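Reader: Hi! I'm in my first year and still learning to read protein models. Could you take one part of this one and walk me through it slowly?

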Amino acid sequence: MTEVRLHDVELLPERTLGGPADDEPLRGRLTFGWDVLPADHEGVPAEWASYVKATPDREFRQLLMVCSFRPETPTGKGAFRHASLGVALSTPDGRAQPVARLIDPGERTRPVAGSGMGMSFTVNAGVLEVGVEKPPGAGSERDEWIVRGHGSSQPNPQWEFRRVKSFPLAGDHPVAALVELVPDRLNTAEVLMAAELEHRSWGIRRYRARLAPSPQAIVLAG
């Protein structure tokens, strides 16, 4: 069992031309939490357990993180459109870095109904004719990603989150990394988040938040 305690994240607006000059930080819309677990913790993916067993001379930790996207409020307007979570693994002297050997998920999907419509273009006697065509199997569901991970075997893994048709970017989204530690060093993780929200009056607004180093710095080993 693990207990991830979520902390409210203050999202700072990126200043853009034409954006509201008095745009305040966004509060109460995004929470973030984590836990650092042994590599052999119960519930670890089978692939991870096999990897750890095959490399007994190395030390690992499981870094579990949860991003929770909250609904629009009277003081925090806008719908989440896209977000990203980046993790920078490091040691104090920087000569060696921990590495996220495996990440989860690589991709998390949801079935989305396709429109089944496409455009066809035909040229007759020099005149371009545009039509609408319905391919075979039109209207069937297809899987589209809502969370996508990058950076396996790198010191800087990251995940993207996005809304898709019929699935708003909302609720809890857990991600995890199997981190190979640098022996006899302080191993830490710095987290940076970015988000795009779509406002009815302002259009798309971009926000950022740096979650560590801070009083909530993530210490993997030390």
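To get my bearings, what share of the 222 residues in the protein is buried? After that, I'd love a close look at strand 5 and Leu-89, which sits in strand 5.

Author: Sure, let's start with your number: 37% of the 222 residues are buried. Keep in mind that this is a predicted model, so a word on confidence comes before anything else. The mean pLDDT of the protein is 85, with 82% of the residues at 70 or more. Go through the elements and you'll find the highest mean, 97, in strand 11 (residues 158-162), while strand 9 (residues 127-133) has the lowest, at 50. Where pLDDT is low, don't read the predicted coordinates in detail.

Now the general layout. You're looking at 15 strands and one helix. Take the contacts between residues with a separation of 6 or more: 73% of them join residues 24 or more positions apart. On the outside, the accessible surface is about 12700 Å², and carbon and sulfur atoms account for 51% of that.

Okay, on to strand 5. This strand covers residues 79-90, and its partner strand 13 covers residues 187-199; the two are antiparallel and share eleven bridges. If you want a spot to find on screen, look for Ser-90, which stands opposite Thr-188 in strand 13. Strand 5 also pairs with strand 11, again antiparallel, through five bridges. Here the spot to look for is Gly-86, facing Gln-158 of strand 11.

Leu-89 belongs to strand 5 too. Is Leu-89 buried or exposed? Its relative accessible area is 2%, and buried means under 20%, so Leu-89 counts as buried. Now see what surrounds Leu-89. Leaving aside residues up to four places away in sequence, Leu-89 touches Gln-97, Pro-98, Val-99, Ala-100, Pro-155, Pro-157, Val-179, Thr-188, Ala-189 and Leu-220. Pick out Ala-189 from that list: it lies 100 residues away from Leu-89 along the chain, yet their C-alpha atoms are separated by 4.6 Å.

Let's step out to a sheet elsewhere in the model. Five strands make an open, antiparallel sheet in the order 1-3-4-12-6. Its edges are strand 1 (7-8) and strand 6 (99-104), each pairing on one side only. Helix 1, residues 46-54, packs on this sheet and touches strand 4 (60-69), strand 6 and strand 12 (171-180); the directions of helix 1 and strand 6 make an angle of about 155 degrees. Over at the strand 1 edge, two bridges hold strand 1 to strand 3 (residues 30-38), and the two run antiparallel. His-7 is opposite Phe-32 of strand 3 there.

One last thing to hunt for is the rings. The structure has four aromatic pairs. One of them is Tyr-51 with Phe-60: the ring centres are 5.9 Å apart and the planes sit at 80 degrees, so this pair is edge-to-face. What about cover? Phe-60 has 4% relative accessibility and counts as buried, whereas Tyr-51, at 26%, is partly exposed. Ring pairs also link Phe-69, Phe-80 and Phe-161 into a cluster.

Terms used
Residues numbered from 1 in each chain as written. Predicted model: local features only at pLDDT ≥ 70, side-chain atom pairs only at ≥ 80, totals over all residues. Heavy atoms only, no water. Helix = DSSP H or I, 4+ residues; strand = E, 2+ residues; numbered from the N terminus. Buried < 20%, exposed > 50% of the residue type's maximum accessible area, 1.4 Å probe, protein only. Contact = heavy atoms within 4.5 Å. Areas by Shrake-Rupley, 256 points an atom, 1.4 Å probe, with all protein chains shown as cover. Pairing = 2+ DSSP bridges. Axes fitted to C-alpha atoms, helices over the stretch in contact; angles between N-to-C directions. pLDDT = per-residue confidence, 0-100. Phe/Tyr/Trp six-rings, centres within 6.5 Å; stacked < 30°, edge-to-face > 60°.
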